[in-house]
Amino acid sequence: MTACRTLVRTSLSSLEYKLLSSNRRSIPSISLQFHPSISLSSSNLCFTSFLSQNRASSRSYGSSVEAISRETTDFVDETIKTSSILELSEDLTKDKVEELLSNHDDDVARFMKMERRSEIDNVGGQVRTHQRKWFPYLDMFKSGSSYLTSSEVIEALDPYIMDVRKERIRKVVKNRSYSVCLVVEGLSDFGNVSAVFRSADALGFQSVHVVSCDSTKRYRDNRHVSMGAEKWLDIEVWDTTKECFNVLKSRGYRIATTHLGNDAVSIYDMDWSCPTAIVVGNENRGISDEALELSDLHCSIPMKGMVDSFNVSVASGILMHHAVCDRTSRLGFHSDLTPEESQILLAEFSLRHSRSAISIAHEFAKQKEGRPMPKL
């Protein structure tokens, strides 16, 4: 940015001199002296206005006047935007991660459409321990007082989803797995959280857990980083690390925290065919002491350079990619959903496809045959 500003200032000074020299015979002399109280950005704005009024009407991109004025305008716009952001109240620019996950119109809490399995024992009120491989959904979608099965949901939505889109969804579901999940603990930069979501979706992980913290994010909206990946993931937000770990252990996961310590094992020596919840920590503090104490094992990514750490989103990508490779090497595949589970997840994704999908499913539940609708 400093180099850009220096270039703009130098270019403006040079061009100002040339214009004043060449235009003395054709246009009245115009003073470009500015009041001391006017900032550089204001001077650029005034000079840009002068250029726009006196340049030819041609939109030649080879013109030096056009190039400088466009660069200057971008610079001024950026300066104005930066000033506006700095003027915002500190409270308005700070949002907790869990608030970001719930304040959007299509928040992730509403992404999960099919009915989910209960975590609590109906008799004792305790967290239920699941004996079989964890899968979160039941084969039912609630519509009023009635329910649709996954096959009925697919039947209802199939005519309204383009064939290319349906094929893409089928391929994604075919490569999904719940056997390894990712836990991000206390990340304060939502840009990192978004990057983790994007990597998880790309590598076939369906389950991501976010343990919130009191720290706040750095940017107001980073969904361009995740590319909307959170729409296709099961994201669960937890208030405490202990609560998150207890539920994960009840689902049959072993908890592996990333930590640089003498007792840490290399990720390359781990058996990733076992259900594993891999935990990454805060950008500055790393894994909390509570997480280290409650976890089943500590692991690390071997380093070959002078630095001893990765960016948290990069580390997450490496961990997940190696888990996929190890599982494929040992099992012959990463995804391990049964045909029934795949159909339920296919119905879940079909319901997430668009906002109108839910209303179509509800209409299908009321009457098996409805008025034809255009494709979504």
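**View 1. Arg116 and the aromatic cluster around Tyr137.** In this predicted model, the charged end of Arg116 sits over the ring of Tyr137, 5.6 Å from its centre, where a charge counts as sitting over a ring if NZ of Lys or CZ of Arg is within 6 Å of the ring centre and within 35 degrees of the ring normal. Tyr137 also forms an aromatic pair with Phe135, which is edge-to-face, with 6.0 Å centre to centre and 70 degrees between the planes. Rings of Phe, Tyr and Trp (its six-membered ring) are taken to pair if their centres lie within 6.5 Å, and planes under 30 degrees apart count as stacked, over 60 as edge-to-face and the rest as tilted. Phe135 and Tyr137 are both buried (under 20% relative accessible area, with exposed meaning over 50% and partly exposed in between, for a 1.4 Å probe and protein chains only). Together with Tyr178, Phe135 and Tyr137 form one aromatic cluster, and the structure holds 3 aromatic pairs.

**View 2. The surroundings of Asp336.** Asp336 lies in the loop between helix H11 (312-331) and helix H12 (339-352); helices (H or I, at least four residues) are DSSP runs, numbered from the N terminus. With a relative accessible area of 18%, Asp336 is buried. Not counting residues up to four places away in sequence, Asp336 touches Lys133, Arg176, Ser177, Tyr178, Ser179, Arg327 and Glu341, a contact being heavy atoms within 4.5 Å. One of these, Tyr178, is 158 residues from Asp336 in sequence but 8.0 Å away in space, C-alpha to C-alpha. The side chains of Asp336 and Ser177 are joined by a polar contact of 3.2 Å (a pair of N or O atoms within 3.5 Å; within protein, one must be able to donate a hydrogen and the other to accept it, and residues adjacent in sequence count only if both atoms are side-chain atoms).

**View 3. Helix H7 and the glycine that follows.** Helix H7, residues 190-202, has 13 residues and reaches 18 Å from its first C-alpha to its last, close to the 18 Å expected at 1.5 Å a residue, that span being 1.5 Å times one less than the number of residues. Its buried residues include Phe190, Val193, Val196, Phe197 and Ala200. H7 is followed by Gly204, whose phi is positive, near 90 degrees.

**Notes to the views.** Residues are numbered from 1 along each chain as its sequence is written. Local features need pLDDT (the predictor's confidence in each residue, from 0 to 100) of at least 70, side-chain atom pairs count only at pLDDT 80 or more, and totals for chains, interfaces and linings use all residues, while side-chain values use heavy atoms, with hydrogens and water left out.

Terms used
Helix = DSSP H or I, 4+ residues; strand = E, 2+ residues; numbered from the N terminus.
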